[in-house]
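Visitor: I've just opened this model and I'd like to learn how to read it. Could you walk me through it?

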Amino acid sequence: MKKIFVLFLSATLLVSCGGDGKKEEEKNDSLKIGNSAETTDEVEDEEGVTKVYLTGSDQMKFNKNQITVNAGDEVVLTFEHVGKLPKETMGHNFVLLKKGTNVQEFGQEALEYKENDYIPENTDAIIVHTKMLGGGEKTQITFQAPEKGNYDYICSFPGHVALMKGILTVK
Ligand code: CO
């Protein structure tokens, strides 16, 4: 509901800038954009808190490969596996890596940690991560946005880093 409310507000702003007569049309367009998988629709609905909704699918894809948050913000990330396949064959997690981490090498290292849901132990490359999910599962983590810059995020399940990776931009 909150997301829709924010989108409605931005639609209203568009209308007030853009003149008269096309109110319904513009509102619908705005809602469509908000639902698109390609769009970043992070919502800051209270000062200093950004809510992000990320999904992983049975097609081995995140719904977004770009997330933007503000430096210093508290990020509330909801991560959902919207597929049906089990964790053992199509597990998904969100692993945010420190700057300078070699993503491919990290993926290789993670392979050795099946017992730990493919999260390497004793690594200093991870800023934050979720647990590994199977189809239909959902989790939430909260973390402080790191300093300004671009950070890789991946799914560390074997083989997934090739397709499941994105950039978190802190601006
Ligand atoms: Co995955």
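Visitor: Let's start with strand pairing. In which sense do S2 and S4 pair, and over how many bridges?

Guide: Keep in mind that this is a predicted model. S2 and S4 are parallel, with eight bridges between them. If you want one position to click on, Tyr 53 sits opposite Thr 78 of S4.

Visitor: And what sense do S4 and S7 pair in?

Guide: That pairing is antiparallel, over seven bridges. Here you can look at Glu 74, which faces Gln 144 in S7.

Visitor: Is S4 mostly covered or mostly open?

Guide: Mostly covered: seven of the eight residues of S4 are buried.

Visitor: What about S9? Which strands are joined to S9, and in which sense?

Guide: S3 and S9 run parallel and are joined by four bridges, with Gln 66 having Ile 167 as its bridge partner in S9. S8 and S9 run antiparallel, joined by six bridges, and there Tyr 151 stands opposite Leu 168 of S9.

Visitor: Now the interior. How do I read the largest nonpolar core, and which residues touch the most other members?

Guide: The general idea is that in soluble globular proteins, nonpolar side chains tend to be buried together. In this model the largest nonpolar core has 25 residues, and those touching the most other members are Leu 54, Val 69, Phe 94, Leu 96, Tyr 153 and Leu 168. Two or more residues each come from strands S2 (49–56), S3 (66–69), S4 (74–81), S7 (138–144), S8 and S9. S4 gives the most to this core, three residues. Apart from this core lies another one, of nine residues, including Leu 97, Ile 126, Ile 154 and Val 161.

Visitor: Take Leu 168 from that list. Which residues is Leu 168 in contact with, leaving aside neighbours within four places in sequence?

Guide: Leu 168 is in contact with Ile 67, Val 69, Leu 96, Pro 146, Gly 149, Asn 150, Tyr 151 and Tyr 153.

Visitor: Next, a helix. Which residues of H4 are buried, and where do they lie around the axis?

Guide: For a helix, ask how the covered residues are spread around the axis. In H4 (residues 103–110) the buried ones are Val 103, Phe 106, Gly 107 and Ala 110. They span an arc of only 100° around the axis, so they are on the same side of H4. The buried residues of H4 pack against S5, S6 and S8, while Glu 105 and Gln 108 are exposed on the other side.

Visitor: I also see a metal. Which residues coordinate the cobalt ion?

Guide: The general idea first: ideal angles at a metal are 109.5 degrees for four tetrahedral donors. The cobalt ion here is coordinated by Gly 91 (O), His 92 (ND1), Cys 155 (SG) and His 160 (ND1), at 2.1 to 2.5 Å. Angles among the four donor atoms are 79 to 133°, and the site is irregular. A tetrahedral site needs all angles between 85 and 135 degrees, so the 79° end of the range rules that label out.

Visitor: Where do Gly 91 and His 160 lie, and what does the pair tie together?

Guide: Gly 91 is in the loop between helix H3 (87–90) and strand S5 (95–97), and His 160 is in the loop between S8 (149–154) and S9 (165–170), so the pair ties together parts 69 residues apart in sequence. Both Gly 91 and His 160 are buried.

Visitor: One last stop: is Gly 134 buried or exposed?

Guide: Gly 134 is buried, with a relative accessible area of 5%, and lies in the loop between S6 (126–129) and S7. Not counting residues up to four places away in sequence, Gly 134 touches His 81, Leu 85, Pro 86 and Lys 87.

Notes. Residues are numbered from 1 along each chain as its sequence is written. This is a predicted model: local features need pLDDT of at least 70, side-chain atom pairs count only at pLDDT 80 or more; totals for chains, interfaces and linings use all residues. Side-chain values use heavy atoms; hydrogens and water are left out. Donors are N, O and S atoms within 2.8 Å of the metal (3.2 Å for Na, K and Ca); water is not among the atoms, so sites may look incomplete. Four donors count as tetrahedral if all angles lie between 85 and 135 degrees; four count as square planar and six as octahedral if opposite donors are over 155 degrees apart and all others between 65 and 115; anything else is irregular. Buried means under 20% relative accessible area, exposed over 50%, partly exposed in between (1.4 Å probe, protein chains only). A nonpolar core is a set of buried Ala, Val, Leu, Ile, Met, Phe, Trp, Tyr and Cys residues joined through side-chain atoms within 4.5 Å. Contact means heavy atoms within 4.5 Å. Two strands pair if DSSP finds at least two bridges between them. The arc is that of the directions from the helix axis to the C-beta atoms.
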